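Me: I'd like a close look at one part of this model, please: the binding-site annotation. Keep it relaxed, but give me the neighbours and the numbers.

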Amino acid sequence: MTDPTATPRSSSLDAAPSTTVPDGSAQPGQVPTLVAAARGQEVPHTPVWFMRQAGRSLPEYRALREGNAMLEACRTPELCTEITLQPVRRHDVDAAIFFSDIVVPLHALGVDLDIVPGTGPVVAEPFRTRADLDRLPGLTADMVPDISESIAAVRSALRPDQALIGFAGAPFTLASYLVEGGPSKNHERTKALMHGDPELWNDFCERLASIAGAFLQVQVDAGADAVQLFDSWVGYLNRADYQRFVAPHSAAALASVAGRVPRIHFGVGTGELLDLMGQAGAEVVGVDYRVDLADALERTGGRYALQGNLDPALLFAPDEPLMARVDEIVEAGRVAPGHLFNLGHGVLPSTDPDVLTRVTARVHETSAR
């Protein structure tokens with residue numbers, strides 16, 4: 001983890017677009033609250049961040065993105081830095097999640113793809129044969145200098161108690177996009193390749209694990225305090241297939257930053273896989289909104305900190321039931337080895353940003369020690 005005394009950091013983040021704010025509050029040896037919680041250490045309050053907090057729910061984000069394609073925004077340090085910091089200023093969350101996309105490293109390698117609004121990543125020529133492996137060379141830091149620049153800029157603008165989370169897409173989810181050619185409801189081509197040619201599948205995912213791992217390393221080297229491996233589609237698999245075809249490759253990606261920063265492992269619809277996802281090499285297991293934290297704690301044997309897991313749809317409910325549910329999650333998280341408050345999936349685009357601000361304040365208030 002970056003030494004918080006090495007670079008001046010901000011004591012506050014106002015609404016101005018500048019990402020350089022003088023800091024006078026650094027304490028020797030201080031680590032971000034989220035990092036301490038992920039390690040199971042005592043924290044002053046439960047740390048909060050939201051998946052997709054940097055994005056479509058913020059009017060300032062929509063204004064900044066006007067005329068800028070998604071991949072352009074991800075690869076332009078000034079835009080990327082500002083977008084990453086916007087929700088930190090607005091909500092006073094305990095962590096910034098780096099603004100990027102799981103296909104950015106593939107794009108950096110020259111894969112012909114685009115992020116189509118309303119659809120997601122679309123690959124011009126899907127990957128389905130052994131010859132396609134040649135289209136995936138190894139990723140090196142000099143291929144993504146903009147990522148290092150953006151990470152360093154964001155980290156320098158955060159307070160010492162705030163964390164910067166880097167991330168990458170897990171091999172299975174990356175493979176699914178590449179094999180299907182885009183998002184899929186059934187992952188039929190992915191599963192057909194997995195079972196029909198296991199040797200090619202494993203060689204393919206081994207290459208993707210190396211790419212994901214290298215992308216995580218770049219972010220940690222530049223100053224990320226924690227990382228999250230997103231396996232958005234792995235909930236479509238059963239336990240046996242996960243263990244055979246996925247777990248070794250996710251473990252390889254996570255191993256790339258082992259011992260350096262806390263690692264969060266998250267997927268959607270993964271209630272039956274939570275223990276296996278922890279075993280793949282995570283300090284924190286992400287729990288979606290379908291599984292109670294108490295059940296998640298039992299399924300993971302109390303061996304990992306937990307992240308989650310407010311249903312994003314409840315942000316549209318009146319304050320009374322919403323805050324009651326927030327309190328329940330905070331209380332349930334107290335018995336875990338560590339707890340990072342988050343949604344059980346991403347912020348929905350039509351969410352009122354003020355609700356996220358109130359939820360953040362509520363978590364801080366009710367969990368304060």
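Reply: A word on terms before we zoom in: helices (H or I, at least four residues) and strands (E, at least two) are DSSP runs, numbered from the N terminus. The model is a predicted one, where local features need pLDDT of at least 70 and side-chain atom pairs count only at 80 or more, while totals for chains, interfaces and linings use all residues. Residues count from 1 along each chain as its sequence is written, and side-chain values use heavy atoms, with hydrogens and water left out.

Now the site. An unreviewed UniProt entry puts "binding site" on Arg52, Gln53, Ala54, Gly55, Arg56, Asp101, Tyr177, Ser232 and His345. (UniProt positions follow the numbering used here, feature names are shortened, and annotations may be inferred rather than shown by experiment.) These residues span 294 positions in sequence, and the farthest two C-alpha atoms sit 23.1 Å apart, so they don't all gather at one spot. Even so, Arg52, Ala54, Gly55, Arg56, Asp101, Tyr177, Ser232 and His345 are in the lining of the largest pocket. (A pocket here is an open set of points on a 1 Å grid over the protein atoms alone, where a 1.4 Å probe fits, with protein on both sides within 12 Å along at least five of seven lines; lining residues have an atom within 4 Å of a point.)

Let's walk along the loop between α1 (33–38) and α2 (59–65), where you'll find Gly55. Ala54 is in that loop, and so is Arg56. Ala54 counts as buried at 12% relative accessibility. (Buried means under 20% relative accessible area, exposed over 50%, and partly exposed in between, with a 1.4 Å probe and protein chains only.) Gly55 is buried too, at 7%, whereas Arg56 is partly exposed at 44%.

Who do they touch? Contact means heavy atoms within 4.5 Å. Setting aside neighbours within four places in sequence, Ala54 meets Ile83, Thr84, Pro87 and Phe99. Glu82 is 28 residues from Ala54 along the chain, and their C-alpha atoms are separated by 9.6 Å. With the same neighbours left out, Arg56 has contacts with Tyr61, Arg62 and Pro349.

The record also gives this region a domain label: UniProt (unreviewed entry) places "Uroporphyrinogen decarboxylase (URO-D)" at residues 47–56 and 165–181. Residues 47–56 are 0% helix and 0% strand, with their end C-alpha atoms 23 Å apart. For residues 165–181 the figures are 59% helix and 29% strand, and the ends are 28 Å apart.

That second stretch brings us to α7 (residues 171–180), which packs on α8 (residues 188–196) at about 110°, with the axes 8 Å apart. (Axes are lines fitted to C-alpha atoms, for helices over the stretch in contact, and angles run from 0 to 180 degrees between N-to-C directions.) The two helices are therefore roughly perpendicular, a label for angles of 65 to 115 degrees. On the α7 side, Phe172, Ser176, Val179 and Glu180 meet Glu188, Arg189, Thr190, Leu193 and Met194 of α8.

One more neighbour: Cys205, found in α9 (residues 198–222). Cys205 is buried at 1%, and beyond four places in sequence its contacts are Pro171, Ala175 and His249.

Methods. Parallel < 35°, antiparallel > 145°, perpendicular 65-115°, else oblique.
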